[in-house]
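I opened my notebook and worked through one structure, a few residues at a time. Here is what I looked up.

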Amino acid sequence: MQVFATLLLAFVLGIVATPAPEITNTTSDLRSAFSSESQLNGRFVLENNLWGQSAATSGSQSSQVTATSGNFVTWHTTYTWTGGNSQVKSYANLDLRTGLGKSISSISSIPTTWKWTYSSVSSNLVADVSYDLWLSTVAGSTGASSTSTFEIMVWLSTRGGATPAGSPIGTASVNGVSWRLYKGTVKTWTIFSFVAPNEITNFNSDLKPFLTFLTQNQGVPSSQLLVQAQAGTEPFIGSATLTTNSYSISIN
């Protein structure tokens, strides 16, 4: 873990004011495995996504949007999992549904703000908090499918020894931060994961430079299409509530 200059840290981690959310009370408390709910007229979809729950001996998870303001969303997820300690159980996430299908070379920026907190954290928690970007050569496709070519994760937090798929291949300097870089293969696609040197709970930055780094240093073609952009948490074991106090993202 590294220490950065105060001004640089403030810029990279986004220590800036964000709009105050307007509380809404019309959202559902999502509990089933693949329950989801559209938000902000289809701009986002909140997904409970218990894709790995079969690896657990017991557990549950619920997710809910609690506020929106402009293009900002406030939401939380609460989970508890036991068993299958080395396997991810779920990925509760907010999934962007606008601006997708552009090639890396045609994207000018991907500005994002993500301010979040943990509460009710168990001593045995193993989990990450991460962005998940999906690339493909097929327009209109989605991530984690037969048409997926690359998965790009940006881990803002890793607790309890959680590590990404694949193996460490070095470090990557992106937006003034030295991230640990992992590379691996999941099913038919290649996955790159950037892991923050310290937990970042207030992230105000641009995701495009992560893609640029991969095109310049890891052979990812700039013609690849960005088909899905998610932000959420992957718990392996333990219990916690992850509250996103403010989240936004755009693809320009």
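**Entry 1: a buried asparagine**

I began with asparagine 48, which sits in the loop between β3 and β4 (58-69). I kept in mind that this is a predicted model. Is asparagine 48 buried or exposed? Its relative accessibility is 0%, so asparagine 48 counts as buried; the cut-off for buried is under 20%. Next I looked for a polar partner of its side chain. A polar atom of the asparagine 48 side chain lies 3.4 Å from the backbone oxygen of arginine 31.

**Entry 2: salt bridges**

I turned to charged side chains. Side chains of opposite charge can pair when their charged atoms come close. How many salt bridges does the count come to? I noted 4 salt bridges.

I looked up arginine 97 and found a salt bridge with glutamate 47. The closest N and O atoms of this pair are 3.1 Å apart. Arginine 97 is in the loop between β6 (92-96) and β7 (102-103), while glutamate 47 is in strand β3 (residues 44-47), so the pair ties together parts that are 50 residues apart in sequence. I then checked how open each partner is. Arginine 97 has a relative accessible area of 43%, so I wrote it down as partly exposed. Glutamate 47 has a relative accessible area of 14%, so I listed it as buried.

Arginine 97 has another entry in my notes. Its side chain meets that of aspartate 95 in a salt bridge, at 3.3 Å from N to O. Aspartate 95 has a relative accessibility of 0%, so it counts as buried. I drew the links on paper: Glu47, Asp95 and Arg97 are joined in a network of salt bridges.

I also looked up glutamate 199 and arginine 159. Their side chains meet in a salt bridge, 3.0 Å from N to O. Glutamate 199 lies in the loop between β13 and β14 (202-206) and arginine 159 lies in strand β10, so this pair ties together parts that are 40 residues apart in sequence. Glutamate 199 is partly exposed, with a relative accessible area of 35%. Arginine 159 is partly exposed too, at 28%.

**Entry 3: a lysine with no salt bridge**

I found lysine 208 in helix α2 (residues 208-217). Which side chain of opposite charge is nearest to lysine 208? I found aspartate 206, 7.6 Å away. A salt bridge needs the nitrogen and the carboxyl oxygen within 4 Å, so this pair does not qualify. Lysine 208 is buried and has no salt bridge. I then checked its polar atoms. One polar atom of the lysine 208 side chain lies 3.3 Å from the backbone oxygen of isoleucine 104.

**Entry 4: the largest pocket**

I moved on to the largest pocket and noted a volume of about 650 Å³. Which of its 28 lining residues are closest to its centre? I listed Trp51, Asp132, Trp134, Glu151 and Glu234. I sorted the lining by type: 14 residues are nonpolar, 8 are polar and 6 are charged.

Then I asked which strands supply the lining. At least two lining residues come from each of β9 (126-136), β10 (148-159), β12 (177-186), β13 (189-195) and β15 (225-249). The largest share, 4 residues, comes from β15.

**Entry 5: far in sequence**

I stayed with strand β15, where isoleucine 237 lies. Isoleucine 237 counts as buried, at 10% relative accessibility. Tyrosine 79 is 158 residues away from isoleucine 237 in sequence, yet their C-alpha atoms are 9.3 Å apart in space.

I tried glycine 161 next, in the loop between β10 and β11 (167-174). Glycine 161 counts as exposed, at 63% relative accessibility. Its C-alpha is 9.1 Å from that of leucine 125, and the two are 36 residues apart along the chain.

**Entry 6: positive phi**

I ended with backbone angles. Most residues other than glycine have a negative phi. Asparagine 175 is not a glycine, but its phi is positive, about 55 degrees. Asparagine 175 lies in the loop between β11 and β12. It is partly exposed, with a relative accessible area of 25%.

Lysine 187 also has a positive phi of about 55 degrees and is not a glycine. Lysine 187 lies in the loop between β12 and β13. Its relative accessibility is 73%, so lysine 187 counts as exposed.

Conventions:
Residues are numbered from 1 along each chain as its sequence is written. This is a predicted model: local features need pLDDT of at least 70, side-chain atom pairs count only at pLDDT 80 or more; totals for chains, interfaces and linings use all residues. Side-chain values use heavy atoms; hydrogens and water are left out. On a 1 Å grid over the protein atoms alone, a cavity is a set of points where a 1.4 Å probe fits but cannot get out, and a pocket is an open set with protein on both sides within 12 Å along at least five of seven lines; lining residues have an atom within 4 Å of a point. Grid points are joined across faces, edges and corners, and a volume is the space filled by probe spheres set on the points. Ala, Val, Leu, Ile, Met, Phe, Trp, Tyr, Cys and Pro count as nonpolar, Asp, Glu, Lys and Arg as charged, and the others, Gly among them, as polar. Buried means under 20% relative accessible area, exposed over 50%, partly exposed in between (1.4 Å probe, protein chains only). Lys and Arg count as positive and Asp and Glu as negative; His and the chain ends are not counted. A polar contact is a pair of N or O atoms within 3.5 Å; within protein, one must be able to donate a hydrogen and the other to accept it, and residues adjacent in sequence count only if both atoms are side-chain atoms.
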